[in-house]
Amino acid sequence: MKKFLLHISSITILTLIIMSVLDFGYTYVYMHSKPRTKYQVLRSLKDQKFDYAFLGSSRVYNTIMPSIIKERTGKDAINMAFTASHLHDIYTVLKLFKAYDIKTEKIFIQVDNAFNVDGKSNILEYQIIPFLRENEATKAHFKTYSNLPSLYYVPFYRYCLYDQKIGFREVFNNLYGKSTDCADDLGFKAEHDGNGIDNKYALPTKINTRNIIFDSIKKYSANHNIDVIYFCAPYYKETRNLDFVGKLKNKIPELIDYSNAVEDGNMFLDNSHVNDIGARYFTNYLVDDLYRRNIISNHK
C-alpha cells in the first residue's frame with residue numbers, strides 16, 4: 001500500500017511540474033509575442049499617452065478610425081473596442097487603462113441596447129485568459145462570472161479549458177509571429193462593402209430601469225477623474241424600435257445620439273454595423289460634431 005501511495009504521489013507531483021512548465025511557457029509566449037489579439041494590442045500600449053480613446057463593442061471597433069481623427073485634428077486616438085462587448089467588458093477595459101498606465105485626455109464610451117444586457121462577452125474573456133494573473137482588473141473580471149480559484153491556482157487548467165481559443169495552435173501562431181489585422185489603424189478593423197440589412201431587425205421595446213455596471217462605470221470615472229463622453233453609434237434608419245435610443249437618453253442625459261447619423265443604406269454592413277465606407281463617413285461626421293460641441297480642440 002505504501003509503495004502504491006508513493007507511486008501515485010510521484011505521478012501527481014510529476015504531472016503538476018509538467019503542467020507548471022507548460023503554463024509558464026504558454027504564458028511567456030503570449031506575453032512577449034507580437035500582438036495577435038486586441039487585448040495584446042491593449043497591453044502593448046502600456047505607459048503610453050493618447051488624446052482620445054474609444055471603448056465599446058464591434059459597433060465602435062468597426063466604426064471609429066483613429067487615422068482620420070489624427071489627420072483631421074492632429075490628436076492621437078486609439079480604438080480599444082472589442083467585438084460583442086457588453087458594459088461589464090467596457091468597465092474592465094476602463095480599469096485596464098489604469099492597470100497598464102495608459103493615459104488619455106478623454107474616453108468615449110459607446111452605450112446602446114447593451115444597457116439591457118447583463119454579463120460579459122466570451123471574446124474578451126478568451127483574450128484575457130493568458131494574462132489572468134497579471135493585474136487586479138483581469139482577476140476581478142473573472143471573479144465576477146467564473147470559477148476563479150481553479151483558473152488562477154491550477155497550473156495549465158486555463159489553457160486546457162480554453163484550448164480551442166488559446167491552446168497549442170494559437171501559441172504556435174504567437175511564437176512564430178503570424179500576424180492579424182487587429183493592430184491596424186490603432187485598433188480599428190474595417191468591415192468591407194456589404195449589405196446584410198434585415199427589415200425585421202429590432203431594438204428592444206422596453207428599457208431596463210437601471211444597469212448596475214453602467215453605474216459602476218460612472219462612479220469609477222468620477223473617482224479617478226476620467227473625462228468620459230457617452231455616445232450611441234449609428235443604426236440603419238429603418239431599424240425597428242429606434243426610439244429605444246431616446247429612452248436611453250432619458251436614462252443618460254449626457255449621451256450623444258448618433259443613431260441617425262448615417263442614412264445611406266449602402267454604408268451599412270447590417271442594421272447595426274457600418275462598412276468601411278460608412279466608417280470613413282461617420283468618423284468625419286463625428287469629428288465635425290465634436291468640434292461643434294467644443295469637446296475636441298479645433299486645431300492641430
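In this predicted model, five strands form an open sheet in the order β2-β1-β3-β4-β5, with parallel pairing. The two edge positions belong to β2 and β5 (256-257), each of which has a single partner strand, so one side of each is left without a neighbour in the sheet. As a general reminder, the strands of a sheet pair through backbone hydrogen bonds, and they may do so in parallel or antiparallel fashion.

Strand β1, spanning residues 49-55, is a good place to start a tour of the sheet. Six of the seven residues in β1 are buried, which leaves the strand mostly covered. On one side, β1 runs parallel to strand β3 (residues 103-110), and six bridges join the two. Individual pairs can be followed along these strands: F50 has T104 as its bridge partner in β3, F54 has F108, and L55 stands opposite I109. Strand β1 is also joined to β2 (residues 77-79), again in parallel, by three bridges. Here A53 stands opposite I78 of β2.

From β3 the sheet continues to strand β4 (residues 228-232), with four bridges joining these parallel strands. F108 takes part in this pairing too, with I229 as its bridge partner in β4. F108 can therefore be traced in two directions, being the partner of F54 in β1 and of I229 in β4.

Attention now turns to the packing of side chains. In soluble globular proteins, nonpolar side chains tend to be buried together. The largest nonpolar core of this model has 87 residues, and F54 and F97 touch the most other members. Helix α5 (residues 87-99) provides the largest share of this core, with seven residues. Which residues does F97 touch, leaving aside those up to four places away in sequence? The list consists of L42, A53, L55, I78, M80, I102, T104 and I107. Several of these names are familiar from the sheet, including A53, which stands opposite I78, and L55, which stands opposite I109.

Helix α4 (residues 66-73) offers a clear example of how a helix can be covered along its length. Its buried residues are P66, I68, I69 and T73. Viewed down the axis of α4, these buried residues fall within an arc of 160 degrees, so they line one face of the helix. The helical repeat helps to picture such an arrangement: an α-helix has 3.6 residues a turn, so residues three or four places apart point the same way. Among the elements that cover the buried residues of α4 are β1, β2 and α14 (276-292). Just after the helix, G74 adopts a positive phi of about 80 degrees.

Charged side chains add another kind of contact, and the model contains 15 salt bridges. One of them joins the side chains of R36 and E170, with an N to O distance of 2.7 Å. This pair links distant parts of the chain, as R36 lies in the loop between α1 (2-32) and α2 (38-44) while E170 belongs to helix α11 (residues 168-175), 134 residues apart. Are these two charged residues buried or exposed? R36 has a relative accessible area of 13% and is buried, and E170, at 16% relative accessibility, also counts as buried, because the cut-off for burial is under 20%.

A second salt bridge brings together the side chains of D76 and K70, at 3.0 Å from N to O. D76 counts as partly exposed at 32% relative accessibility, and K70 is likewise partly exposed at 39%.

In a third example, K218 forms a salt bridge with E254, the closest N and O atoms being 2.8 Å apart. K218 is found in helix α12 (residues 212-223) and E254 in the loop between α13 (244-251) and β5, so the pair ties together parts that are 36 residues apart in sequence. K218 is partly exposed, with a relative accessible area of 35%, and E254 is partly exposed at 36% relative accessibility. Salt bridges can also be joined to one another, as in the network that links D23, R133 and R158.

Conventions. Residues numbered from 1 in each chain as written. Predicted model: local features only at pLDDT ≥ 70, side-chain atom pairs only at ≥ 80, totals over all residues. Heavy atoms only, no water. Buried < 20%, exposed > 50% of the residue type's maximum accessible area, 1.4 Å probe, protein only. Pairing = 2+ DSSP bridges. Arc of directions from axis to C-beta. Contact = heavy atoms within 4.5 Å. Core = buried A, V, L, I, M, F, W, Y, C linked by side-chain atoms within 4.5 Å. Salt bridge = Lys/Arg side-chain N within 4 Å of Asp/Glu carboxyl O.
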